[in-house]
Amino acid sequence: MGCDGGSIPKRDELVKQKQRKAKVDQNILNRVHWFSCALSKKPLSSPVVSCGLGKLYNRDAILEFLLDRKAYGDGDLICKHIKSLKDVVTLQLEHNPSFSEAQSASLTNHDQEPVSRFICPITMKEMNGKHRFVYLDTCGCVMSEQAMKEVPSKTCIKCTKPYEAINVIVLNPKAEELEAMELTLVEKQARIAAERKC
Ligand SMILES: [Zn+2]
């Protein structure tokens with residue numbers, strides 16, 4: 001015999017390897033998008049703001065960027081659309097009671113799943129990239145998309161301020177949603193500019 005060396009991986013083994021790699025890649029992306037500021041890349045910490053494209057930033061990084069647009073090398077690539085503080089909304093985030101600063105250190109440990117500082121105030125789901133989250137640009141309240149769908153309302157479920165569909169911004173949208181959000185943003189900015197002129 002001697003030819004059963006087993007060094008050639010079987011197909012299902014290869015599929016498993018591929019799935020593992022895809023999971024690792026997704027975990028890395030989640031850490032980048034849901035745990036760190038899109039601009040400074042530092043861990044997200046309150047006050048956190050978001051723009052019309054649903055990116056998450058630390059407010060102090062945006063302030064620094066507005067004072068010096070070259071403060072972060074790739075700032076103009078990431079948030080060219082932010083011209084003033086009026087282009088961002090301070091998010092009203094629900095703090096996760098199970099989060100501790102010690103867990104925040106686990107961000108650097110790539111084997112461990114990080115614990116998010118923030119949760120949905122309705123479903124209590126963690127804002128860790130596994131569930132879709134939205135915010136309202138009228139009040140800044142953040143919740144899971146599931147909560148918003150399950151409790152349909154014309155007022156914010158958290159603070160009761162009225163809103164319309166156009167005020168719902170998806171956080172960290174999928175690549176295919178981004179184009180539509182960019183168009184909406186351009187239209188919104190044009191409308192605000194026109195209103196200012198009146
Ligand atoms: Zn609200």
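Before I turn to the pockets, let me fix one convention: Ala, Val, Leu, Ile, Met, Phe, Trp, Tyr, Cys and Pro count as nonpolar, Asp, Glu, Lys and Arg count as charged, and the others, with Gly among them, count as polar. With that in hand, I can say that the lining of the largest pocket has 14 nonpolar, seven polar and four charged residues. Please keep in mind throughout that what we are looking at is a predicted model.

Let me step back to the overall layout. The protein chain has six helices and eight strands, and if you read along the sequence they follow the pattern α-β-β-α-α-β-β-α-β-β-β-α-β-α. Taken along the principal axes, the C-alpha atoms fill a box of roughly 90 × 40 × 35 Å. Of the 198 residues in the protein chain, 36% are buried.

Back, then, to the largest pocket, which holds about 520 Å³ of space. It is lined by 25 residues, and those closest to its centre are Leu29, His33, Trp34, Asn172 and Pro173. Two elements, helix 1 (11-35) and helix 6, give two or more residues each to this lining, and helix 1 gives the most, with six residues.

While we are on helix 1, I would like to point out a few of its other residues. Val24, Ile28 and Val32 make a nonpolar surface patch of about 230 Å². Valine 24, which is found in helix 1, has a relative accessible area of 46% and is therefore partly exposed. Lysine 23 also lies in helix 1, and because its relative accessibility is 55%, it counts as exposed. For a sense of distance, the C-alpha atom of lysine 23 is separated by 18 Å from that of asparagine 172, although the two residues are 149 residues apart along the chain.

The second largest pocket holds about 310 Å³ of space. Seventeen residues would be a long list to read aloud, so let me name those nearest the centre of this 17-residue lining, namely Lys86, Asp137, Leu185, Lys188 and Ile192. Here helix 6 gives the most to the lining, with six residues. By class, the lining of this second largest pocket divides into eight nonpolar, three polar and six charged residues.

Two of the residues just named bring me to the salt bridges. Which residue does aspartate 137 meet in a salt bridge? The partner is lysine 188, with N and O 2.6 Å apart. The pair links distant parts of the chain, since aspartate 137 sits in the loop between strand 6 and strand 7 (142-144) while lysine 188 sits in helix 6 (residues 175-197), 51 residues apart. As for burial, aspartate 137 counts as partly exposed, at 23% relative accessibility, whereas lysine 188 is buried, with a relative accessible area of 12%.

A search of the whole structure finds seven salt bridges. In general terms, side chains of opposite charge can pair when their charged atoms come close.

Another of these bridges joins arginine 132 and glutamate 145, whose closest N and O atoms are 2.9 Å apart. Because arginine 132 lies in the loop between strand 5 (118-119) and strand 6 (133-136), and glutamate 145 lies in helix 5 (residues 145-150), the pair ties together parts that are 13 residues apart in sequence. Is arginine 132 buried or partly exposed? At 29% relative accessibility, arginine 132 counts as partly exposed, while glutamate 145, at 17%, counts as buried, because the limit for that class is under 20%.

Glutamate 145 also takes part in a second bridge, with lysine 149, at 3.6 Å from N to O. These two residues both lie in helix 5, four residues apart, which is about one turn of the helix. Lysine 149 counts as exposed, at 61% relative accessibility. Through salt bridges that share partners, Arg132, Glu145, Lys149 and Glu177 are joined into one network.

To close, I would leave you with two places to look at in the model: the largest pocket, where helix 1 gives the most to the lining, and the second largest pocket, where Asp137 and Lys188 are among the residues nearest the centre and meet each other in a salt bridge.

Note on methods:
Residues numbered from 1 in each chain as written. Predicted model: local features only at pLDDT ≥ 70, side-chain atom pairs only at ≥ 80, totals over all residues. Heavy atoms only, no water. Salt bridge = Lys/Arg side-chain N within 4 Å of Asp/Glu carboxyl O. Buried < 20%, exposed > 50% of the residue type's maximum accessible area, 1.4 Å probe, protein only. 1 Å grid on protein atoms, 1.4 Å probe; cavity = no way out; pocket = protein on both sides within 12 Å on 5 of 7 lines; lining within 4 Å. Points joined across faces, edges and corners; volume = space filled by probe spheres on them. Patch = residues over 30% accessible without salt bridge, like charges linked within 9 Å, V, L, I, M, F, W, Y side chains within 5 Å. Areas by Shrake-Rupley, 256 points an atom, 1.4 Å probe, with all protein chains shown as cover.
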